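Reader: I should like to go through this structure by way of its fold and its chain contacts. Please set out the reasoning in each case.

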Amino acid sequence: MSQKKKASSFSLRSLPYDARVAPYVFILPFILIFGIFFAYPIVNAFVMSFQELLPGQITFIGWDNYKQLASDTVFRKACTNSITYTFWTLLLLVPCPLIFATLLNQKALPFRNLYRSILFIPALTSVVVAGITFKLMLSEVDTSLFNSLMHLFGQPSIKWMKRADTGMMAMVMVACWRWTGVNIMYYMAGLQNISEEIYESVDIDGGNAWQKFRYITVPLLKPTTIYVLTISIYGSMAMFIESYMLYEGNKSIANNGLTIVGYLYRKGLQQNNLGYGAAVGVFLLLVVFIVNMAQLNLFGMFRKEEGSK
Amino acid sequence: MTKNHAVVMIAGSSRNRRRASITVSSLFFIGLSIIVLIPFICILVGSFQPGADIVTYGLRLTINPDRFTLDCYRNLFLGENHYFTWFKNSVLVTAIQTVCTLAITSFVAYGFSMYRFKGKNILFALVMFTMMIPFEIILLPLYQQMIQMRLINTYAGIILPFVANSLAIFFFRQYLSGISHDFVDAGRVDGCTEYGIWLRIMVPLMAPSYAAMGIFVGMNSWNNVLWPMIIINSQSKITLPVGLSSLITPYGNNYDLLIAGAVFSVLPIFVLYLFFQKYFISGLTAGGIKG
């Protein structure tokens, strides 16, 4: 009996060393963390969105949070802001870095590595430092950097963070400042994979720089573009800390700087309405998921994956 | 003869065009580099004036020479403030988070890359899936869960949910796919256990990817605000970005500490960037490696 027990405990102890079991041991940490800190909270987000959570008292209230959300004008404003922000960041952060990377890829350009290094520097700063700096450069006093620029062009000072349009501009500007360099790097990495010979063949055929860009660079960098697009959509729709920093803790006039996550934070943590905040989160999840799926489908990402494997 | 002449002409005009393109590009990038650096110049210049002037004048490229002072820095280093407590906390959190994340994700990635097993594709699809979901969506349920798990106000609460960083798993797996299986087989022949192979053979082989991922994870941790801000509620435990963000008030009474502190928080990263630029770039652009 005791011998049997010993044998089984021995085999149990040696079990993880079995080559058939080892792979599962290797991925076990991921499964645990994924289950506890990702899958469970996601399921919980859905559950919470149908509840009213008060300290010590949880009530199931069905679709009430969603019904309220549908007629919530502040939420609508937050959505409009997030979508406008996403629109501008996509417009600026997808094509511009592609063009910059193509220009930086000219072998004959002197100091190209220096430019590359400098353009990347803002990525080293935190949103906090970037936010503080831009907030103070955009200060409404006459002497601030942006107001002196306005004076240079004979324009009066602007209360940058108190207007809806210039406030949006400030948030987009922080994003562009921090991410242009990173996106340039993505594209430059992609450009390394395009062989010189293809460009040379265009030279022989008498094609110009624009044709090279249009018919070789852009199509061959499509996978990179899709990647940049995906992370940009994801990041922009979930933007919050930029607005939190620029507007001193989520407080903007007429909610001009309020984003979807900002609203989630306000409802869930600042006003302790966790159920309602969770409903905002579920909404965001669905939007990000649908937009990214549509985008990946549109660009034929899934078809390509199938073809290559 | 005429044909040759034509070739020379084409070559000549294309050389001219190329030279013009280089000049225009140079001017463009000089301009762009200056624009990108302006915020740094502004904050650096601004840190050499009294904190109150920042509220009065905003940030700009010049300061009043009469008002030049090192008070912001004197206040930062010698004044009564929590800055270096925050700094120390951030160093601690960043170090623990980086080491744990690298160890766990490279361990997991090894499993995904070197074995064939049932359910592998589905599990790896889950890794990819987590990369597509913004963390903010689980903010509230995770916060609730942290309260229930008594992880509120602990560094474990900041770190644990992120130690299986899916981007790092993905990156390590990509890196490992370039390493020959012969190493693994040789290890087995020599009597290494599966884990011994990982620790003794693979970990040393993965050194360059550890450098890049270390910077990726470390930077994310060093600059992380939202989650630490929610999890930590005692002054003595908050991290640097959270502390800095708490200094922004409409009254501007802490701006000397804020601005010198902001400069000083970026400084260590800049110095590291000067020496390890290659790793910074490959680390911070990790996701795009597959291209």
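Author: Helices here are DSSP runs of H or I with at least four residues, and strands are runs of E with at least two. The model is predicted. Counted in this way, chain A holds two strands and 16 helices.

Reader: What radius of gyration does chain A have, set against a compact globule of 309 residues?

Author: The C-alpha atoms of chain A occupy a box of roughly 90 × 55 × 35 Å along the principal axes. For a compact globule of 309 residues the radius of gyration would be near 19 Å, whereas that of chain A is 26 Å.

Reader: What percentage of the contacts in chain A between residues at least 6 apart in sequence join residues at least 24 apart?

Author: As to burial, 51% of the 309 residues of chain A count as buried. Of the contacts between residues at least 6 apart in sequence, the share in chain A that joins residues at least 24 apart is 63%.

Reader: Which helix gives the largest share of the side of chain A that touches chain B?

Author: The contact draws on 96 residues of chain B and 89 residues of chain A. About 8200 Å² is buried between the two chains, and carbon and sulfur atoms give 80% of that area. The largest share of the chain A side, 20 residues, belongs to residues 22-48, which form helix 2 of chain A.

Reader: How many residue pairs are in polar contact across the interface of chain A and chain B?

Author: On the chain A side, 69 residues are nonpolar, 15 polar and five charged. The rule finds zero salt bridges across the interface of chain A and chain B. For polar contact, with both residues at pLDDT 80 or more, the number of residue pairs across this interface is twelve.

Definitions and conventions. Residues numbered from 1 in each chain as written. Chains lettered and ligands numbered in written order. Predicted model: local features only at pLDDT ≥ 70, side-chain atom pairs only at ≥ 80, totals over all residues. Heavy atoms only, no water. Contact = heavy atoms within 4.5 Å. Buried area = accessible area lost by both parts, 1.4 Å probe. Salt bridge = Lys/Arg side-chain N within 4 Å of Asp/Glu carboxyl O. Polar contact = N/O pair within 3.5 Å; in protein donor to acceptor, adjacent residues only side chain to side chain. Nonpolar A, V, L, I, M, F, W, Y, C, P; charged D, E, K, R; others polar. Rg over C-alpha atoms; globule rule 2.2 N^0.38 Å. Buried < 20%, exposed > 50% of the residue type's maximum accessible area, 1.4 Å probe, protein only.
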